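Here's a quick walk through one protein model, written for someone who'd rather be at the bench. Have the structure open and follow along.

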Amino acid sequence: MRILHTSDWHLGRSFHRVSLLAAQREFLDHLVATVREREVDAVLVAGDVYDRAVPPLAAVELFDDALHRLADLGVPTVMISGNHDSPRRLGVGAGLIERAGIHLRTDPAGCGIPVVLADRHGDVAFYGLPYLEPGLVRETLGAPAAGHPAVLGAAMDRVRADLATRPPGTRSVVLAHAFVTGGAVSDSERDITVGGVASVPADVFDGVDYVALGHLHGCQTLTERIRYSGSPLAYSFSEAAHRKSMWLVELGADGGLSAAERVDCPVPRPLARLRGRLEDLLADPDLARHETAWVEATLTDPVRPYEPMARLAARFPHVLSLVFDPERPPDDPLASYAQRLRGRTDREIAEDFVAHVRGGRGPDAGESVLLGDALEAVRTSGEDPR
């Protein structure tokens with residue numbers, strides 16, 4: 001069975017205030033053409049269809065058009081909701097849409113109910129695991145503890161229990177939207193940390209033949225059978241080096257992958273991250289290749305230059321982001337403070353502050369739990385659980 005695996009469309013998202021709707025439409029044109037030309041048997045969309053819970057009308061219309069075109073091809077599509085989506089809104093009309101071969105899986109309670117498709121080798125069971133917010137789904141799934149590993153483990157227990165009732169030789173595919181240990185992150189993914197643990201181990205997916213992951217925006221292979229497709233477009237400058245693509249995989253008769261190919265996505269405009277003093281960036285002939293790119297410029301001038309954005313735009317008309325990181329001597333206290341914070345989580349910074357005001361004594365176990373709960377309450381306070 002030939003499967004096209006994609007995720008993280010983020011329809012409706014902008015890039016530093018530049019609308020990406022036209023680029024997203026071009027990607028969906030490319031996806032439909034790939035399905036038709038490569039004779040795809042099933043399309044998988046592993047979450048974050050939209051960029052926010054209440055997407056703009058133009059994004060909804062683009063999604064609606066994509067569904068109609070996929071249905072017209074007669075190719076089954078299985079998709080799940082991600083942490084940016086509103087499961088209830090995305091799942092409206094799922095029962096009716098399923099008649100057209102579009103299978104929306106947004107309800108955590110349905111993790112163990114597969115979409116069953118068949119080829120000449122027999123059945124393939126597709127299990128859709130939407131993004132599982134631990135605080136909202138723990139009770140539904142009967143998870144033994146809070147946190148991503150526990151709730152995803154409980155969901156996979158349901159998958160394996162259902163698979164055990166299937167005829168021998170039934171192959172299995174899981175769609176999941178999660179941060180799996182070993183994956184490389186970028187700046188454009190919304191933090192899903194809960195209680196200090198955001199990631200889940202890869203072995204939680206033991207017992208299935210292929211795992212189509214979403215959430216991380218870089219295409220990557222964790223194991224031969226566990227892969228992220230990544231987002232089809234770059235959504236932050238941290239993705240400047242990404243090669244945006246979809247996975248075209250072939251599931252063999254025994255459940256192994258007989259082929260796995262990256263299908264490149266259209267690039268609306270390349271990204272460039274430039275760093276240096278303003279005058280050097282304006283004069284360096286080697287930077288001419290970036291004059292048509294979307295540019296993030298980090299200026300290292302010790303003193304902030306006059307009208308830097310306007311001067312950069314004269315050479316790089318698509319400059320979108322300006323960052324100041326002045327050169328400082330090694331003994332500068334501001335430099336050492338920034339270095340201490342770099343790479344640390346909000347929780348670690350909060351615990352460091354407690355230790356600082358107490359003369360070196362950090363929070364005890366109970367206080368650490370309270371800090372974690374407070375940070376988690378702030379993180380989820382603006383999310384729409386619907």
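## The overall layout

Keep in mind that this is a predicted model. The protein splits into three pieces: domain 1 covers 2-264, domain 2 covers 270-327 and domain 3 covers 345-385. If you want a feel for the spacing, the C-alpha centres of domain 1 and domain 3 are 32 Å apart.

## Strand E5 and its partners

Let's begin with strand E5, residues 77-80. Are its two faces covered or open? Both are covered: Thr77 and Met79 are buried on one side, and Val78 and Ile80 are buried on the other. That split fits a general pattern, too: in a regular strand, side chains alternate between the two faces of the sheet.

Now for the neighbours. Strand E4 (residues 42-46) pairs with E5 in the parallel sense, over four bridges, and Leu44 sits opposite Val78 of E5. To get from E4 to E5, the chain passes through helix H2 (residues 57-73), making a right-handed β-α-β crossover. E5 also pairs with strand E6 (residues 102-105), again parallel and over four bridges. Here, Thr77 has Ile102 of E6 as its bridge partner.

## The sheet of E17, E18 and E19

Next up is an open sheet of three strands, in the order E17-E18-E19, with parallel pairing. Why do E17 (271-276) and E19 (319-324) each have one side without a neighbour in the sheet? They stand at the edges and each has a single partner strand, so one side of each is left without a neighbour there. From one strand to the next, the twist averages 15 degrees.

Strand E18 (residues 294-299) runs parallel to E19, and five bridges join them. Look for Leu299, whose bridge partner in E19 is Phe324. Helix H8 (residues 308-315) packs on this sheet and touches both E18 and E19. The direction of H8 makes about 135 degrees with that of E19.

## What about the cysteines?

How many disulfides turn up in a search of the whole structure? The count is zero. Take Cys265 as an example: the closest cysteine sulfur belongs to Cys219 and is 9.0 Å from its own sulfur, which is too far for a bond. For a disulfide to be called, the two sulfur atoms would have to lie within 2.5 Å.

As for exposure, Cys265 is buried, with a relative accessible area of 7%. Cys111 is buried as well, and its relative accessible area is 0%. Both values fall under the 20% cut-off for calling a residue buried.

Definitions and conventions
Residues are numbered from 1 along each chain as its sequence is written. This is a predicted model: local features need pLDDT of at least 70, side-chain atom pairs count only at pLDDT 80 or more; totals for chains, interfaces and linings use all residues. Side-chain values use heavy atoms; hydrogens and water are left out. Domain bounds come from an automatic or database domain assignment. Buried means under 20% relative accessible area, exposed over 50%, partly exposed in between (1.4 Å probe, protein chains only). Two strands pair if DSSP finds at least two bridges between them. A crossover is right-handed if, with the strands pointing away from the viewer, the path from the first strand over the helix to the second runs clockwise. Axes are lines fitted to C-alpha atoms, for helices over the stretch in contact, and angles run from 0 to 180 degrees between N-to-C directions. Contact means heavy atoms within 4.5 Å.
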